[in-house]
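Q: Please look closely at one local part of this structure, with attention to the backbone. Then follow what comes up there into other parts of the chain.

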Amino acid sequence: HAHTQTHASNTRTHTGCKQPLRDADLQLLLVGGELLKVRSSSWKKNRFYKLQEDCTTMWHESHRTFKRNQTFSIDEIESVRKGRQSEGLQKHTEAHVEDRCFSIIFKGRRRNLDLIATSAEEARQWVNGLEKIISNMKKLNSQQTSEHWIFNCMRKADKNKDNKMTLKELKHFLHQINIEVDDMYAEVLLCYSNSGSLEGPEIKHFYDLLIYREEIDVIYGKYATTGEQMSVKDLLNFLLNEQREVATMEDAVSLIERYELDDSAKQKNHMTKDGFLMYLHQEEGSIFNPAHKEVFQDMSQPINHYFISSSHNTYLMEDQLKGHSSTEAYIKALMKSCRCVELDCWDGAHGEPIIYHGHTLTSKVLFKDVIKAIKEYAFKTSEYPVILSLENHCTLEQQKLMAKHMISILGSALLTSPLEDQMPTAFPSPQELKGRFIIKGKRLNKLDAVFSNTSPGVEEDCVSEEDEAAETSNSKTDTNGQKSKIKLAKQLSDLVIYCKSVHFSGFEHAKDKQAFYEMSSFKESKAVNLAETAGNAFIHHNMTKLSRIYPAGSRTDSSNYNPVSLWNAGCQIVALNFQTPSKEMDLNQGRFRSNGVSGYVLKPGFQRYPGTEFDPMTLTKGPWLKRKTFHIMVISAQQLPKLNKDKCKSIVDPLVKVEIDGVPADTCSKETRSIENNGFNPMWNETFQFDIQVPELALVRFLVEDYDSTSQNDLIGQYCLPLTSLQNGYRHVPLLTKHGDVIPSAGLFVHLMLLDAK
């Protein structure tokens, strides 16, 4: 049919398959070929792989009885690695096949796909071809992604490939896109046809009906005063009055030049409805302020003045008792801009230290392999410093080897002495520490010893265990009630510069006795109690010191605690189990979404400057009380995913929750009604108001759920961002999976207004 053929060519252009015959890499993928799939040293089998004609789906053969033909979407791929760069290929292949190997890394918890091509050139073509498609798909705006998704569903619904759509195929298509219709309504849709099926221009008309957005019509009609088109002046009025932007006529002209699709309208400096919708789907029309996608905060302040994205037991892919330990877990965390990772170090066989969760059945990974992975991936998404938090259980000889590995592998990037030529009195800044690794752990002496010529220093001595290690070890205290001690090698001790671990003995003791570089770790329950009962004292403590918070040992399922109350108390290193999808990880992703996803977010001034009387529990008067009124209208959603893809008739009943997470006085949640049997284009038009006391600490979380009257609602999608990073006006809200990955075609459409409270 004419429309879908035209659309197919457009889609081909969008997804990276434009002129595939002229691109040898893409042509190879479309033709397909045999690759050796590697699962273990003994399981290596040839399988045929091929990119399907839609250029968004990879087909591969399977020898399973019931699943001989399998596919996965290009959208499911997180990255492609050339060479033996996965844990599986390093473990199960020999070095001589390095140039023939590559790995497909999936989002979420899906296992990596490790492959070996027949030649180095073929491996290069597979990697290049996949990267081109992934890159071009990422460049699609949400409107193009939406159109492409609808087209693919239409193509799949045409079972007999006759370019027509019968009643049965029409109903199948509507189920695919998450709309439930009865036979009568489907037959009404077919009334546009004389043949009892849709074909040719009838499909185009049907498609236009599908993508029609009534709410966009209303908004556009309100401002388009020039012959049913928006003039540049109309657009400027919209930007000033609705979007509350500081915009000029030049800004409006620029939007028309970039997003208007109709050349004749563009020549008149007009914007059509299609151009207007295109603009609303760009980052300028997104809820998230585009300026905050880059590093925009002052990065020259001491490192303890920032919230730092932090991971607990980073090596674990799953739970704390039997879970798999892997270098992949470090890579995933670092690629999400995590800036503090944890290494639980134990004696391993053959003299090589290992990392795992001691006294459990979790698997083990070599310490040196973890350091190599950290070196490779630490600064790919953020150039700001990475803290390696060591929990050391090793004997002296293996501690010396740990130090040797870190020095040799991390090289000059490893911080081995203070940046200053004299004893520092405060932390350096993230800017000064760009590209550097900082070791957190026990130290035998004060940092002053680095600048002392008189103290020869001991080669080894006993120190108390890390607080977290002591909590989980079998022998917490000795007969005198003192914390158990371990011997510490000087070589490892000397690598600890700005993050020396010490036991917390109270805020007054820390103020009087602790140097700025001496930091404590707090179990979540103790930290939450301090935040609730001595919030102001905790904030003052964190003005000069670093604090690390870790989950309770009882969280064997790798669940998480709520980090918000600890951020409210100014704690910097609030470590979470990154491997566990949860509201807490949504909040963490939201907190660190701004400032260029650098892993560092500058704390508000009232958490940084001495003399503050701010307490998140009592909210005494002060400059932190910048009261705001947050108005939000949840208007509609587009192309919500089906939750049960195996059941054709399973259609979602969506509702939207809007949550504020911040100081206790601001924490609140409101929700819309549910819309029955419509995940394609549900419309609510429901308005909520939130009164915000401390906007600088508030996070906004959108939650779309499938309503169920008999059990807990299922998550459809979520999105979280700082209140201070949102844009006013009519905005699209992207939706993410529980793992934090973008759902390509789905989104919310809302109207927002953040105003000074009266």
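A: The part chosen is the hairpin formed by β2 and β3, in which five residues lie between the two strands. Cys-55 sits in the turn and has a positive phi of about 60 degrees. This is a predicted model, and every value here is computed from it. Strand β2 covers residues 44-51 and strand β3 covers residues 57-61. The two strands run antiparallel and are joined by three bridges. One pairing can be named: Lys-50 has Trp-59 in β3 as its bridge partner.

The positive phi in the turn deserves a comment, because most residues other than glycine have a negative phi. Two further residues can be set beside Cys-55 on this point. Ser-558, which is not a glycine, has a positive phi of about 60 degrees. Ser-558 belongs to the loop between β22 and α22. With a relative accessibility of 0%, Ser-558 falls under the 20% limit and therefore counts as buried. Val-597 is the other case, with a positive phi near 45 degrees. Its place is the loop between α23 and β24, where α23 spans 583-591 and β24 spans 600-602. Val-597 has a relative accessibility of 37% and so counts as partly exposed.

Helix α23, which precedes the loop of Val-597, contains Asn-588. The relative accessibility of Asn-588 is 3%, so this residue counts as buried. Apart from neighbours within four places in sequence, Asn-588 is in contact with Ser-309, Trp-567, Leu-576 and Phe-578. Ser-310 is 278 residues away from Asn-588 in sequence, while their C-alpha atoms are 9.2 Å apart in space.

The elements that flank Ser-558 lead to helix α20. Both β22 (547-550) and α22 (564-568) are among the elements that cover the buried residues of α20, and so are listed α19 (507-513), β21 (518-523) and α21 (535-544). Helix α20 runs over residues 524-533, and Glu-524, Ala-527, Leu-530 and Ala-531 are buried in it. These four lie on the same side of α20, because they cover an arc of only 130 degrees around the axis.

Helix α11, residues 249-259, can be described in the same terms. Its buried residues are Ala-252, Val-253, Leu-255, Ile-256 and Tyr-259. Seen down the axis of α11, they fall within an arc of 155 degrees and so line one face of the helix. Glu-250 and Glu-257 are exposed on the other side. The cover over the buried residues of α11 includes α10 (232-241), α12 (263-267), β11 (270-271) and α13 (273-280).

Next come the nonpolar cores. The largest nonpolar core has 72 residues, and those touching the most other members are Leu-343, Ile-374, Leu-388 and Met-406. Helix α15, residues 367-377, gives the most to this core, with six residues. Ile-374 touches Leu-343 and Leu-388, and in addition Tyr-330, Leu-334, Val-341 and Phe-437, leaving out residues up to four places away in sequence. A second core is separate and has 34 residues, including Ile-287, Val-634, Ile-692 and Val-750.

One further site is known from a record. UniProt, in an unreviewed entry, lists Asp-706, Tyr-707 and Asp-708 under "binding site". Asp-706 is in strand β29, residues 699-706, and counts as buried because its relative accessibility is 14%. Tyr-707 is in the loop between β29 and β30 (714-722). With a relative accessible area of 39%, Tyr-707 is partly exposed. Not counting residues up to four places away, Asp-706 touches Leu-643, Val-652, Asp-653, Asn-713, Asp-714 and Ile-716. On that count Tyr-707 touches Asp-653, Leu-655, Ser-674 and Asn-713. Asp-653 and Asn-713 thus appear in both lists.

Confidence sets the limit on such readings. The average pLDDT of the protein is 88, and 89% of the residues score at least 70. Over residues 1-16 pLDDT stays under 50, although the model has 36 contacts beyond four places in sequence for this stretch. Where pLDDT is low, the predicted coordinates should not be read in detail.

Terms used:
Residues numbered from 1 in each chain as written. Predicted model: local features only at pLDDT ≥ 70, side-chain atom pairs only at ≥ 80, totals over all residues. Heavy atoms only, no water. UniProt positions renumbered as here; feature names shortened; annotations may be inferred. Buried < 20%, exposed > 50% of the residue type's maximum accessible area, 1.4 Å probe, protein only. Contact = heavy atoms within 4.5 Å. Core = buried A, V, L, I, M, F, W, Y, C linked by side-chain atoms within 4.5 Å. Arc of directions from axis to C-beta. Pairing = 2+ DSSP bridges. pLDDT = per-residue confidence, 0-100.
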